[in-house]
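The questions below go through a structure one feature at a time. Each is answered from the coordinates.

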Amino acid sequence: MTTAGPAPARTAPRLALRGISKRYGSVLANDSIELEVAPGEIHAILGENGAGKSTLMKIVYGVTEPDSGSIEWQGAAVDIRSPAQARRLGIAMVFQHFALFETLTVAENIALALDEPSPESQLAARIEEVSLRYGLPIDPQHVLHGMSVGERQRVEIVRCLLQRPSLLIMDEPTSVLTPQAVRVLFQTLRQLASEGVSILYISHKLDEIRELCDVATILRNGRVSGSAIPREESNASLARLMVGGELEECVLMPREAGEVRLALTGLTLPSSDPFGTSLSDINLGVRGGEIVGIAGVSGNGQKELVAAISGETLCAAAGAVRLCGIDAGRASPVRRRRLGLRFVPEERLGRGAVDEMSLADNSILTGADSGLVRHGMLQTRAARAFARATIDRFAVKCAGELALAESLSGGNLQKFIVGREIRLEPKVMLVAQPTWGVDVGAALVIRQALIDLRNAGVAVLVISEELEELFSICDRIAVIAGGRLSAAMPSSKWTAETVGLSMTGVFEAAGGSEPLVAGL
Amino acid sequence: MRIASSPLAALLMLLTGLVTLSALGKDPIAAFNVFFIEPFSSIYGIGELLLKATPLMLCALGLSLGYRANVWNIGAEGQLTIGAIAGSGVGLFYGGVLGSWALPVMLLAGILGGMAWAAIPALLRTRFNTSEIFVSLMLVYIAQLFLSYLVHGPWRDPAGQNFPQSQALADNALVPTLIEGARVTAGLWMALGLAALSWWFGSATAAGFRMRVSGMAPAAAAYAGISARGNIWLAMMIGGGAAGLAGLLEVAGPIGMLQPVISPGYGFTAIIVAFVGRLHPVGIVLGSLLMSALYLGGESAQIELQLPSSVSGVFQAALLFFLLAAELFIHFRLRRTRR
């Protein structure tokens with residue numbers, strides 16, 4: 001990359017922000033931000049949740065207007081008043097939260113987002129072409145309903161690329177890709193950059209930023225806390241700029257695992273959703289005192305597997321899921337909770353927590369059996385005390401236990417939900433995407449909490465699309481692909497390459513016991 | 001802002017009404033007087049206000065618990081009818097035997113009748129995933145035709161000169177009135193009691209909590225293991241029971257017998273009341289008073305201003321229209337776009 005493109009001539013930058021400030025109530029989200037992005041530059045925006053990255057990107061994309069400061073586009077001052085105007089200028093954005101319609105197909109969703117309508121037949125062909133070229137496989141005729149978060153993100157990326165932007169804003173784009181697919185995406189991004197497209201790359205994955213980005217601007221508490229050439233920095237030095245202090249690493253001390261607490265035996269589950277993934281013959285045992293991770297690209301059966309373990313979907317055979325030695329395949333989520341299962345779902349708002357309810361009320365959601373409901377009556381005071389203790393123990397930033405769940409940032413709500421489940425004393429803990437979109441500091445707290453659980457003898461099953469995370473906290477890792485699960489092997493026996501290969505369904509090459517299935 | 005939407009809608013409804021009336025050549029001040037002052041200037045008038053508010057309150061309270069849990073029972077009118085039939089049937093045929101127990105047993109029968117009628121859409125929904133909206137609505141017409149059959153046929157009063165009506169209920173089978181010179185009955189206390197009960201149920205009990213969660217976030221309800229089936233049954237039983245009670249209170253109150261029509265659409269109007277009251281018990285109490293006032297104002301406008309009886313329907317519709325519009329504009333902003 002060092003030699004890529006015409007040397008960034010000191011002509012006008014593609015985008016320049018001068019003294020951008022934005023205040024929300026008492027919070028100064030952006031404080032006199034200065035930023036320049038050269039043509040063909042891949043520019044990282046690094047910062048914890050709440051550092052002001054999202055606000056800044058919203059200003060660039062015309063979603064919000066700054067209180068003061070100016071924006072220059074190709075050297076000329078502009079007022080970006082709406083996303084439509086931003087798109088006309090040539091700015092495209094892949095959001096972290098997707099605005100897609102459930103009942104429409106991929107092609108229809110993309111057609112809606114395009115400013116210039118395109119005939120449907122042509123559009124489908126263009127979608128296929130772009131998705132093929134950039135290694136983002138999606139089917140234009142697929143209906144959004146039933147697609148996983150990862151697949152939805154692909155739709156968003158393809159949608160942006162169809163607009164042929166000259167500035168592409170990407171908000172945490174790699175969290176759903178296999179290592180190999182990340183390679184492909186990076187190649188794409190580099191190719192785009194060499195074609196002169198500037199890229200604003202928001203991420204908290206320091207390795208990726210160091211590998212991909214030419215320049216990094218680091219935000220802390222709404223201010224620019226520094227800028228760096230990421231290739232010349234270490235993870236530690238970047239993290240220091242980001243959090244303003246040293247970061248501890250999670251340590252996984254070797255430990256003897258105990259008895260099997262969660263056992264999946266021949267778990268086969270036809271998908272009720274025509275676009276879902278059917279699970280076929282899944283076998284897995286998770287012992288007390290170990291963390292087992294399931295890696296895989298989203299949409300390969302994770303959603304279905306999680307629902308089958310949590311009890312949101314019932315299995316045909318009671319013995320397919322055993323909790324602490326008891327058949328639970330036909331048991332309701334409440335019964336499974338009574339057997340000691342605690343569960344943190346992938347979706348925080350609307351599943352793990354009710355948006356419009358307070359944190360105290362949200363404690364009752366799963367804490368009903370643990371003293372927050374007695375004789376059919378809500379124990380309001382106990383629920384408030386419970387929520388308060390959770391907030392304190394996991395340093396959840398919020399306005400108190402009566403704050404509505406929707407008022408918390410993603411990372412803080414996740415800390416609350418993980419904390420709630422941990423404080424409900426699990427015997428088996430199931431966690432899906434523990435640190436999705438969570439900042440480095442909160443991710444560390446969550447990972448450490450899971451390790452503490454393991455050290456206390458709990459059986460922990462983590463389903464994550466972040467390999468780095470699985471390698472850092474798991475004793476054993478299994479890979480899910482096409483609804484089948486590889487054998488769970490010690491983390492040390494896997495490499496990023498073998499995991500990546502297994503993600504494509506080739507288990508044998510990775511040393512797994514499953515036979516190779518033709519055509520996968 | 002959201003709380004303001006109901007008063008705002010009421011105000012806009014009032015303005016529209018007055019403009020409409022003056023367009024029809026009526027003096028708006030006089031019309032306002034006829035509509036909103038005159039009917040309530042006597043004890044009798046106030047009694048009527050409370051009397052008509054009672055069934056609206058009962059039905060709307062029952063429905064609102066379901067609506068908050070995403071269970072859309074819109075057949076309260078039918079449940080009201082069956083409740084009236086069941087309760088008055090007990091009064092007509094066993095009133096003598098039961099003596100002073102007649103009324104309590106009738107109340108119970110009314111509630112059970114409404115529940116039984118609501119059990120049909122609940123069963124079909126939980127067993128076959130049939131829409132409770134359609135089933136409960138269609139059952140309204142079946143209930144009304146059944147009532148019509150009874151009063152034209154087997155239950156017709158033989159001494160009633162062929163009028164399609166049952167015998168009058170005996171004194172021991174009638175709900176006592178509250179004030180001398182007015183028709184409002186003790187049913188009002190039951191409605192207010194239900195309002196207090198539903199507030200308590202919604203905010204303090206685990207069952208009420210589960211219903212709220214199901215309404216606000218179905219995926220969170222599934223995650224927490226809240227039974228969708230249980231909620232549907234509970235919501236339909238509460239809604240049906242309350243409507244059945246309202247029907248019995250009408251027949252064993254101001255009407256005093258079964259006749260082909262026992263409600264001017266209380267069960268449907270209650271849907272508007274539930275939303276005007278923002279599905280909250282206090283709001284519903286106020287909303288049912290407002291809607292009852294519209295009924296009475298419409299009646300007096302009919303007599304004094306020679307307006308058609310549909311005028312109260314127009315007012316009700318305007319209220320719902322403005323309420324929905326206010327909700328829309330609270331959540332969304334109108335923006336000009338260049339094409």
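Q: At what angle do helix α7 and helix α12 of chain B pack, and what orientation does that make?
A: In this predicted model, α7 (residues 187-204) and α12 (residues 281-304) of chain B have axes 9 Å apart and pack at an angle of about 155°. Angles over 145 degrees count as roughly antiparallel. The orientation of α7(B) and α12(B) is therefore roughly antiparallel.

Q: Which class of residue, nonpolar, polar or charged, is absent from the contact of α7(B) with α12(B)?
A: From α7(B) come A195(B), S198(B) and W199(B), and from α12(B) come P281(B), I284(B) and V285(B). Five of the residues in this contact are nonpolar and one is polar. The class with no residues here is charged.

Q: How far apart are the end C-alpha atoms of helix α5 of chain B, at 1.5 Å a residue expected?
A: Helix α5 of chain B has 27 residues (residues 102-128), which should span 39 Å at 1.5 Å a residue. The distance between its end C-alpha atoms agrees with this, at 39 Å.

Q: Where does α5(B) bend?
A: The bend is about 30°. A proline, P121(B), follows within four residues of the bend. Beyond the helix comes N129(B), with a positive phi near 60°. The bend itself is at A119(B).

Q: Which elements of chain B give two or more residues to the side that touches chain A?
A: The contact takes 24 residues from chain A and 14 residues from chain B. On the chain B side, twelve are nonpolar, two polar and none charged. The elements giving two or more residues to that side are α8 (206-216) and α9 (218-224) of chain B.

Notes: Residues are numbered from 1 along each chain as its sequence is written. Chains are lettered from A and ligands numbered from 1 in the order in which they are written. This is a predicted model: local features need pLDDT of at least 70, side-chain atom pairs count only at pLDDT 80 or more; totals for chains, interfaces and linings use all residues. The expected span of a helix is 1.5 Å times one less than its number of residues. The bend at a residue is the angle between axes fitted to the seven residues ending there and the seven starting there. Two residues are in contact if their C-beta atoms, placed from the backbone, lie within 7 Å. Ala, Val, Leu, Ile, Met, Phe, Trp, Tyr, Cys and Pro count as nonpolar, Asp, Glu, Lys and Arg as charged, and the others, Gly among them, as polar. Axes are lines fitted to C-alpha atoms, for helices over the stretch in contact, and angles run from 0 to 180 degrees between N-to-C directions. Angles under 35 degrees count as roughly parallel, over 145 as roughly antiparallel, 65 to 115 as roughly perpendicular and the rest as oblique.
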